[in-house]
Each structure stands twice: as structure tokens, then as C-alpha cells.
Amino acid sequence: MRIRAALEVPTEAGKVTRSTLRSNISSIAAKIQAPGPYGWTTMKNCIFCKIVAGKGPASVVYEDKTIMALMTIAPANPGHVLVITKKHFLALASMEEKMGMYLFKITTRVADAIRKSGLRCEGINLFLADGEPQQEILHLHMHVIPRFQRDGFRIPADHGSRPSREELDKTADEIRRAYQWLWKPEEHVAKV
Ligand SMILES: [Zn+2]
């Protein structure tokens, strides 16, 4: 399933519109999803969709009509919560921006609740994995992980590389180009 191909920005900016990009993502998602509960699309064998449908056990911290926060069965530290959307999204880009904002709002609240719960928590790490590589569950989820001194939590990534400023500028330029193609500056003005 070439999800990444649909997410690629064309070489000549403007060739594909944002709505085409979204519809590409939706059509790919539709091929691997079956109709789910409440009219939502559901990936077959997705544990989160099963939990949302009430067909799997979960220790729920918070729930409303679009979001659920629950304990992970494999916590990095005690109090490790997952915040999930009830709708099955494969990637951030397939999610409406409003939904992403709401996901972060509830994540912020859950983080605050963990800090004030009495559990050991001197800090919080957030982690959201988007896309295919080595993910066990392709249903977008935010990890909210309480941290404390010498908790042993590590992300085993190589942070040893030190690219030159030229390389950083070149990479920034590639991302900036895609950003400007996706989001015209006037569309990105925060409304608060
Ligand atoms: Zn799912």
C-alpha cells in the first residue's frame, strides 16, 4: 500500500491541489478500511477501533463523542496514556485540522491530569507516530508519558549526526516549499 506516494509533494508546485491530496489519501484509506460502527471507517483488526466499538477491554481516562484517552497495556512509565480519535485516521494529513487541534487540547488536559494525579510525574513527553514505518497500530494515537528522574525511558535514536548549516538550510527549504504549497500564509493565521 503506497500511502507515502500519495503524500508526496509534486516537483512542480501547484500541479496537485490540496483537495486532490486529501482525496488520494481517502481513497487509499478506503481500500484498506471497512465500514465501522456509527458510520465511521474502521480498519479490520484495529485494536483501537475494537475498543471504540466496545469490543475490547480498556481502562478509560476520558471519553467524549470524538476522543478517547486510555491506559496503554505496555506503559513506558506508570500513568502512560494514549489519546486516540474515535475515527480511524492513518495519518495526520488525513485528519481535519480542527480534529488535530481538538486532539491536542485533550492531550494537554490529560497531561495536566497526570501531573496532578499523585502519580510520579516530574515532566511529560508527548509522542505521536504518523504513517507506516514500524508502527504496530495504524490508528493515529498520541502517547502521553509521565517522566521522572532516572526513569530509564529512552528513545533509541541516533542523535549523533551534525549536518552543516548548508544542509540544514537545504532541508528547511524543501519543507518550507511543501508547507507553502499546502498552506498559503493567509490560511494559516491563527484564529484565537
Ligand atoms: Zn482503528
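In this predicted model, L140 is buried, because 25 other C-beta atoms lie within 10 Å of its own and the cut-off for a buried residue is 20 or more. L140 is placed in the loop between β6 and β7. Sequence neighbours within four places aside, the contacts of L140 are T85, F89, A91, L92, M95 and D130. H88 illustrates how distant parts of the chain meet here. L140 and H88 are 52 residues apart in sequence, yet their C-alpha atoms are 7.1 Å apart in space.

The strands form an open sheet. Five strands take part, in the order β3-β4-β5-β7-β6, and the pairing is antiparallel. β3 and β6 (123-128) are the edge strands, as each pairs on one side only. From one strand to the next, the twist averages 20°.

The pairing can be followed strand by strand. β3 covers residues 60-63 and pairs with β4 in the antiparallel sense, over three bridges. A hairpin through three residues joins β3 to β4. Two of these bridges can be named. V60 has L70 in β4 as its bridge partner. Y62 has A69 in β4 as its bridge partner. On to the next pair: β4 and β5 are also antiparallel, over five bridges. Here M71 is bridged to V81 in β5. β4 is mostly covered, with four of its five residues buried.

A helix packs on this sheet. α4 lies across β3, β4, β5, β6 and β7. Its direction is at about 160° to that of β5.

Which residues have the most contacts inside the largest nonpolar core? They are A69, V81, V83, V110 and V144, in a core of 20 residues. At least two residues of this core come from each of α3 (47-52), β4 (67-71), β5 (81-85), α4 (97-115) and β7. α4 gives the largest share, five residues. A second core is separate and has five residues, among them F89, M95, L138 and L140. L140 therefore appears again, as a buried residue with 25 other C-beta atoms within 10 Å.

V144 gives a closer view of the largest core, where it is one of the residues with the most contacts. Neighbours within four places in sequence are again left aside. V144 is then in contact with V81, V83, T107, V110, A111, I114, I124 and L126. V81, V83 and V110 are also among the residues with the most contacts inside this core.

The other end of the scale is seen in α5. Is α5 covered or hardly covered? It is hardly covered: among its 18 residues, the count of buried residues is zero. The length of α5 agrees with that expected of a helix. At 1.5 Å a residue, its 18 residues should span 26 Å, and the end C-alpha atoms are 25 Å apart.

The loop between β7 (141-147) and α5 (165-182) contains R150. Why is R150 exposed? R150 is exposed because just 5 other C-beta atoms lie within 10 Å of its own, and the cut-off for an exposed residue is 12 or fewer. The backbone of R150 also stands out. Most residues other than glycine have a negative phi. The phi of R150 is near 55°, a positive value in a residue that is not glycine.

Terms used:
Residues numbered from 1 in each chain as written. Predicted model: local features only at pLDDT ≥ 70, side-chain atom pairs only at ≥ 80, totals over all residues. Core = buried A, V, L, I, M, F, W, Y, C linked by C-beta atoms within 7 Å. Contact = placed C-beta atoms within 7 Å. Pairing = 2+ DSSP bridges. Expected span 1.5 Å × (residues − 1). Axes fitted to C-alpha atoms, helices over the stretch in contact; angles between N-to-C directions.
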